[in-house]
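Take a look at the model below. This report covers one strand with its neighbours, then the empty spaces inside.

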Amino acid sequence: MANKQIPYKIYLDENEMPKAWYNLRADMKNKPAPLLNPDTLQPMTAEELSGVFCAELARQEVDEDTAYFDIPQEILDFYKMYRPAPLVRAYCLEEKLQTPAKIYYKFEGNNTSGSHKLNSAIAQAYYAKKQGLRGVTTETGAGQWGTALSMACAYLGLDCKVYMVKCSYEQKPFRREVMRTYGASVTPSPSMETQVGRKILAEHPGTTGSLGCAISEAVETAVNTEGYRYVLGSVLNQVMLHQSVIGLEAKAAMDKYGVKPDVIIGCAGGGSNLGGLIAPFMGEKLRGEADYRFIAVEPASCPSLTRGVYAYDYCDTGMVCPLAKMYTLGSGFIPSASHAGGLRYHGMSPILSKLYDDGLMEAVSVKQTEVFEAAERFARVEGILPAPESSHAIKVAMDEALRCKETGEEKTILFGLTGTGYFDMMSYEKFHDGKMSDYIPTDEELAAAVAKLPTI
């Protein structure tokens, strides 16, 4: 094998961990459009947002000029339980593919939640605790965000109410039980507990739910419960900020060995994993210091970037949240019950949407069965069972490596492996038993949902 001087796993020293989060918006000449108040259609202020979010998080949400936010010491101390996370050179995968490409992945699965979600969960729980709140509410798709938030809340002594997308609640019972182990209450969404849940069930009897539905329920509960605020695991600017630790660590580890990636790949649902991974690299691109190729990978069943429209839309199905300008399939779009529950959101992060619209990032969509084929192939050679969400990035990373095999190019590929699949065995079972299908929405279905976008 070539380049054996580079270890399989590159670990940063504890003292080399990032001490500040990087705000990519500070380097964007073309800023993402602001969130709009759905009643006035004016940009939301931090004061308005603080009725739903913690005050400090609301401030982070609207700040597009501060390049770095110091990470509080309490959060740094928590990070040290599982960070720095390793950057892995996929030597075994390279050999199996017989590719001249060099493949690296940033592994974020070495904590009980099994994913990168803990990076933002502890930050949001910390600010809730600091504000003197009793608890928080949230939604979760695959369950990784809900698991991470329940861990963070247990650590800080906060109550945690989770609305879990119904299809994932049924498909991933063990992840649900991890949340309950950490003290969270977990409700399948849509539910009869909230007004918006009852409305959605009346309009869509038997629905398997969506992240948009679960967000609506969590927000309604937060604003109607004294001492609570709502927290979100993806999409928002504040979450992209916290997740920048992924990319900052990855870049520091690569710089340590003089490695520069040519292609950077991440799965994309709401955007937290992809946005966190690419942040410092995209910053260099925006400042004209370096050039990289970025690829967002989304499921063909929920293709917001590749088949959506760039427009203002509600962040939730119940239309109670602010309006965000993003690539969207329409807040009323309820995707099929795919096994990549964390990628079933109707829209994309406003930051990533703007970067994509400006041509700074590519996007591809892939089918569910080919994603699991890639996941199984990866597991057999690299020894990690990946989550369905991260496996979207694995699929395209392998495609890029095989393309290098055809052309003879020695490109360096970096992708994000931000979740483990040990609670996704029902999904793997369906794949192995040949019971997994590929659902792709029709143009007519998408057009019907997009037709209901708000008029701005």
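What follows describes a strand, its pairing and a cavity.

## Basis

This is a predicted model, where local features need pLDDT of at least 70, side-chain atom pairs count only at pLDDT 80 or more, and totals for chains, interfaces and linings use all residues. Residues are numbered from 1 along each chain as its sequence is written, and side-chain values use heavy atoms, with hydrogens and water left out.

## Strand β6

Strands (E, at least two residues) and helices (H or I, at least four) are DSSP runs, numbered from the N terminus. Buried means under 20% relative accessible area, with a 1.4 Å probe and protein chains only. In strand β6 (residues 135–140), 6 of the 6 residues are buried, so the strand is largely enclosed by the rest of the structure. G135, T137 and E139 point one way. V136, T138 and T140 point the other way.

## Neighbours of β6

Two strands pair if DSSP finds at least two bridges between them. β6 runs parallel to β7 (residues 159–165), joined by 6 bridges. There, T138 stands opposite V162. From β6 the chain passes through helix α6 (residues 144–156) to β7, in a right-handed β-α-β crossover: with the strands pointing away from the viewer, the path from the first strand over the helix to the second runs clockwise.

β9 (residues 228–230) is also parallel to β6, with 3 bridges. T137 has Y230 as its bridge partner in β9.

## A nonpolar lining

Y230 also helps line the second largest cavity, along with residues including L35, F53 and C315. The lining divides into 11 nonpolar residues, no polar and no charged. Nonpolar covers Ala, Val, Leu, Ile, Met, Phe, Trp, Tyr, Cys and Pro; charged covers Asp, Glu, Lys and Arg; the others, Gly among them, are polar. A cavity is a set of points on a 1 Å grid over the protein atoms alone where a 1.4 Å probe fits but cannot get out, and lining residues have an atom within 4 Å of a point.

Note on methods:
On a 1 Å grid over the protein atoms alone, a cavity is a set of points where a 1.4 Å probe fits but cannot get out, and a pocket is an open set with protein on both sides within 12 Å along at least five of seven lines; lining residues have an atom within 4 Å of a point. Buried means under 20% relative accessible area, exposed over 50%, partly exposed in between (1.4 Å probe, protein chains only).
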